[in-house]
Amino acid sequence: MTGQGKHVQTDVPRVGMFATVRNRRGVVAAVEPHDGPAGRLHLVHVEYKDEGLPVEEHLLWELEPRAGVLSPSALPNFATADPMPADDFDALVRAARWTAAMPFLDPDGAGPLERLPIKSPFHGAVQVEDYQLVPLLKALRMPRVNLLLADDVGLGKTIEAGLILRELLLRRRIQRVLILTPASLRRQWRDEMWDKFSLHFDLVDRDETFALRRRLGMDANPWRSFGRIIASYHYLRQADVLDQFLAASRTPEGSPHLPWDLLIVDECHNLMPSPFGEDSDLCKMLRLIAPQFEHRLFLSATPHNGHTRSFSGLLELLDPVRFSQTDEFKPAERERIQQVVLRRLKREINARAGGAKFCTRLEPQALVLNPAGQELALTEAFDDFRAGMRAFIAAGDRRRRRAGSFAVEILGKRLLSCPVAFAESWRRCRQGLQESGAASELDVETARRAVEHETGDDREAQSRESVAASVVGAWLGKAAGALQEEIAALDAAVANLGLGGADEIIAPDPVTDARFEALVDLIEHLLRSDGAWRNDERLVVFTEYKTTLDYLTRRLRARFEPERFLTLFGGMDEGERDAVKQAFNDQDQPVRVLLGTDAASEGLNLQRTARYLLHFDCPWNPSKLEQRNGRLDRHGQARDVRVFHFISDQDDDLRFLAHVIRKANDIREDLGSVNELFDEAAHRRLVDGESAVVVQRDLDLRIERAQGRAAVPADASIEAVSEDAAAAGQLDALAAELDLDNASLRDTLEAALATRAGRPQLAAGTEPGTYRMLNPGLPGWGEVIDESLRRRAGRDGRGAVARL
């Protein structure tokens with residue numbers, strides 16, 4: 001046999017015909033004629049056979065542009081046509097079997113396969129690890145999927161969620177899906193769902209909503225118009241947006257169906273209920289929308305913050321039938337936790353695998369600083385200022401103590417980042433101090449809340465910190481008399497560092513900066529050899545503040561070639577952010593150092609090219625440290641990871657923070673239970689100025705007592721050693737039954753491409769097991785190649801075609 005069916009136009013499509021309409025394919029299920037002023041029109045019911053939405057439509061056939069059907073009479077005439085070549089026939093049979101296997105039903109249920117084996121790993125461009133199949137198996141046992149995936153950082157929770165999502169779609173158990181993520185991860189989730197699972201999702205934000213309304217009218221609602229959506233939970237929490245969502249989620253009275261099928265919440269710890277007082281706006285939003293979904297999938301490496309009330313509240317949001325918020329779990333509730341929570345650690349999987357499946361994170365390495373006299377003078381001046389402030393607020397009421405503590409905190413954190421960051425905040429303070437009207441404690445409290453209010457935009461955070469420093473300065477007018485000597489000493493120390501100018505738009509470089517010089521030495525040692533850049537190493541540098549980021553980037557680009565350094569920060573253009581990540585992960589690009597802020601660190605995958613990380617400053621929350629480290633210490637890292645930080649025998653604050661980094665590394669699997677202890681210890685030492693030795697001793701003792709308080713009960717009903725191995729065996733058996741392997745995939749694709757222009761269409765790539773397209777512009781295939789293989793680059797988005 002040879003040839004293919006032809007698309008033919010017909011005035012009246014018939015039931016059972018295969019139709020192509022609106023760039024989709026489906027079967028004609030019903031045809032109803034209607035007579036009107038324009039003549040006879042046909043209302044055609046089409047049931048689509050792809051995975052798009054809607055799954056079916058009723059449309060007027062005569063009004064549809066480029067509609068067509070594949071007539072049964074369009075089959076080739078085998079009596080007169082040449083026989084199909086054997087290779088092409090085999091490819092046709094394989095393609096037909098693969099298409100029919102959605103989902104695959106074992107005809108007899110005998111042998112190694114179950115009646116309905118899992119299929120989603122074959123519908124993704126990802127090498128699935130055995131342990132990643134366990135959440136999928138657990139989800140398929142649930143009539144209603146309610147799972148908290150709490151695997152260690154870097155184990156591939158996104159892949160596990162994608163496998164569950166894809167399997168439920170294949171089994172036609174779900175249609176409408178919403179994925180909520182931090183703002184910085186929206187595009188990453190969209191790209192991973194498409195690149196790894198061929199699932200298209202729409203991003204919903206202000207810009208997309210405006211664009212939709214320009215196309216469809218002012219009443220268009222994106223939550224109703226799209227079936228698969230990715231959105232930021234910070235966006236959805238806004239009152240008007242939440243109202244739109246709830247309006248689109250109404251169902252007819254008495255309907256047995258919920259408006260949405262699956263909710264996926266990434267980094268769900270950001271939305272957990274508060275252990276004390278009022279819940280956050282994010283938590284309230286999740287509590288409102290969660291009942292609209294049939295299935296719920298929460299993801300977090302740190303789901304327990306040490307407070308049972310918060311953790312139980314999160315479980316209630318996940319599954320209100322099994323859980324309610326409580327201060328202490330009963331034995332029966334602890335057993336139910338195992339039904340919905342999965343948590344595996346890298347060391348456990350390494351032990352089960354009998355080898356090193358994951359890299360080793362080496363002990364943090366301290367870079368010893370030798371600050372010059374000018375830097376030490378600034379540190380000593382700030383110590384005196386802190387002591388003077390403590391004495392001033394000791395005699396005041398609670399509001400004064402709170403305001404004074406915030407003044408020390410906002411300046412002290414900046415000093416521990418870099419002298420330029422401190423000088424900028426101090427300049428703002430001095431400007432506020434010189435204003436005629438003094439700020440009240442209420443003004444300082446308002447500024448403190450603004451700074452602490454979470455935002456994913458570093459420029460917005462920088463603006464809030466600048467305003468807060470000015471307000472603190474205006475409030476300092478009340479203490480100017482008591483702190484006159486301390487303020488003058490800080491002025492002199494800043495001036496001696498060359499940072500005393502009042503009106504510079506761009507701060508000058510300090511006359512000395514031991515941290516910066518240590519960074520330069522680290523770059524020379526790790527990334528350069530004999531004056532030339534190494535091709536096999538890269539370094540990631542994290543800081544809390546965009547001021548520090550800008551300062552380091554400017555000085556490093558002046559010291560070395562500018563193209564060697566790239567930056568990532570919260571709030572940057574998403575296209576630019578993607579370009580930076582792609583360049584850093586590309587061995588052929590000249591970049592060697594990536595400088596980023598904490599706001600940009602969530603969800604970054606940098607393990608392909610880098611194994612070295614430097615904490616240029618240390619956040620007080622150790623979970624942020626672990627978030628940073630997890631950018632390199634994650635699934636796919638082929639080398640051992642080394643983390644660097646600073647220490648100085650001449651600076652008690654730096655020595656204390658070095659201890660925090662080491663301690664956080666030692667207990668990184670149990671950070672949730674001790675976050676508050678670290679925060680309290682940092683406040684005692686860095687704000688109140690207590691003895692570093694005493695605070696460190698107390699911290700170590702309290703951590704020892706508190707460890708395990710945030711332990712998440714593991715699922716004892718699923719033994720990963722046996723069940724995930726059995727699942728992998730099932731996949732192998734199914735692949736054998738379907739004749740699905742690398743060679744058959746290549747041969748089938750080659751045969752399909754060759755129907756247009758003959759063989760060959762694929763050639764072996766430079767790496768084993770890869771192939772390249774010989775004719776990316778092949779007629780009939782260009783759109784598919786552009787959508788699935790061509791990389792985005794430049795304004796028109798057309799880059800090189802990736803290898804297969």
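The legends below accompany an overall view and several close-ups of a predicted model.

**Figure 1. An overall look at the protein chain, with its 28 helices and 23 strands.** Take a moment to get your bearings before zooming in. The protein chain has 804 residues, and 52% of them count as buried. Among its contacts with a separation of 6 or more, 71% are between residues 24 or more positions apart. The accessible surface adds up to about 37200 Å², and carbon and sulfur atoms contribute 49% of that area.

**Figure 2. An open sheet built from seven strands with parallel pairing.** Follow the strands across the sheet and you will meet them in the order β9-β10-β8-β11-β12-β7-β13. At the edges are β9 and β13 (341-342), each of which pairs on one side only. In general, the strands of a sheet pair through backbone hydrogen bonds, either parallel or antiparallel.

**Figure 3. The neighbours β11 and β12, with a helix lying across the sheet strands.** Strand β12 covers residues 293-299 and runs parallel to β11, with five bridges joining the two. A handy landmark here is Leu262, which stands opposite His295 in β12. Helix α3 (residues 157-170) lies across β7 (146-149), β8 (177-181), β10 (228-232), β11 and β12. Relative to β12, helix α3 runs at about 160°.

**Figure 4. Trp223 and Phe245, one of the 16 aromatic pairs in the structure.** A pair of aromatic rings is described by the distance of the centres and the angle of the planes. For Trp223 and Phe245, the centres are 5.4 Å apart and the planes meet at 85°, so this pair is edge-to-face. The two rings bring together distant parts of the chain: Trp223 belongs to helix α6 (residues 222-225) and Phe245 to helix α8 (residues 239-248), 22 residues apart. Both Trp223 and Phe245 are buried.

**Figure 5. A second edge-to-face pair, made by Phe392 and Trp475.** Here the distance is 6.2 Å centre to centre, with 70° between the planes. This pair also links distant parts of the chain, with Phe392 in helix α13 (residues 373-394), Trp475 in helix α17 (residues 458-476), and their positions 83 residues apart. Phe392 counts as buried because its relative accessibility is 13%. Trp475 is buried too, with a relative accessible area of 1%.

**Figure 6. An aromatic cluster, and two arginines sitting over rings.** Trp223 and Phe245 appear again in this view, joined by Trp260 and Phe293 in one aromatic cluster. The ring of Trp260 has a charged visitor: the charged end of Arg176 sits over this ring, 3.9 Å from its centre. For another example of this arrangement, look to Arg414, whose charged end sits over the ring of Tyr545, 4.8 Å from the ring centre.

**Figure 7. Two loop residues, Ser198 and Glu267, with positive phi.** Neither of these residues is a glycine, yet phi is about 55° for Ser198 and about 50° for Glu267. You will find Ser198 in the loop between α4 (186-197) and β9 (202-203). Glu267 lies in the loop between β11 (260-265) and α9 (281-289). Are they buried or exposed? Ser198 counts as partly exposed because its relative accessibility is 45%, whereas Glu267, at 12%, counts as buried.

Key:
Residues numbered from 1 in each chain as written. Predicted model: local features only at pLDDT ≥ 70, side-chain atom pairs only at ≥ 80, totals over all residues. Heavy atoms only, no water. Helix = DSSP H or I, 4+ residues; strand = E, 2+ residues; numbered from the N terminus. Buried < 20%, exposed > 50% of the residue type's maximum accessible area, 1.4 Å probe, protein only. Contact = heavy atoms within 4.5 Å. Areas by Shrake-Rupley, 256 points an atom, 1.4 Å probe, with all protein chains shown as cover. Phe/Tyr/Trp six-rings, centres within 6.5 Å; stacked < 30°, edge-to-face > 60°. Lys NZ or Arg CZ within 6 Å of the ring centre and 35° of its normal. Pairing = 2+ DSSP bridges. Axes fitted to C-alpha atoms, helices over the stretch in contact; angles between N-to-C directions.
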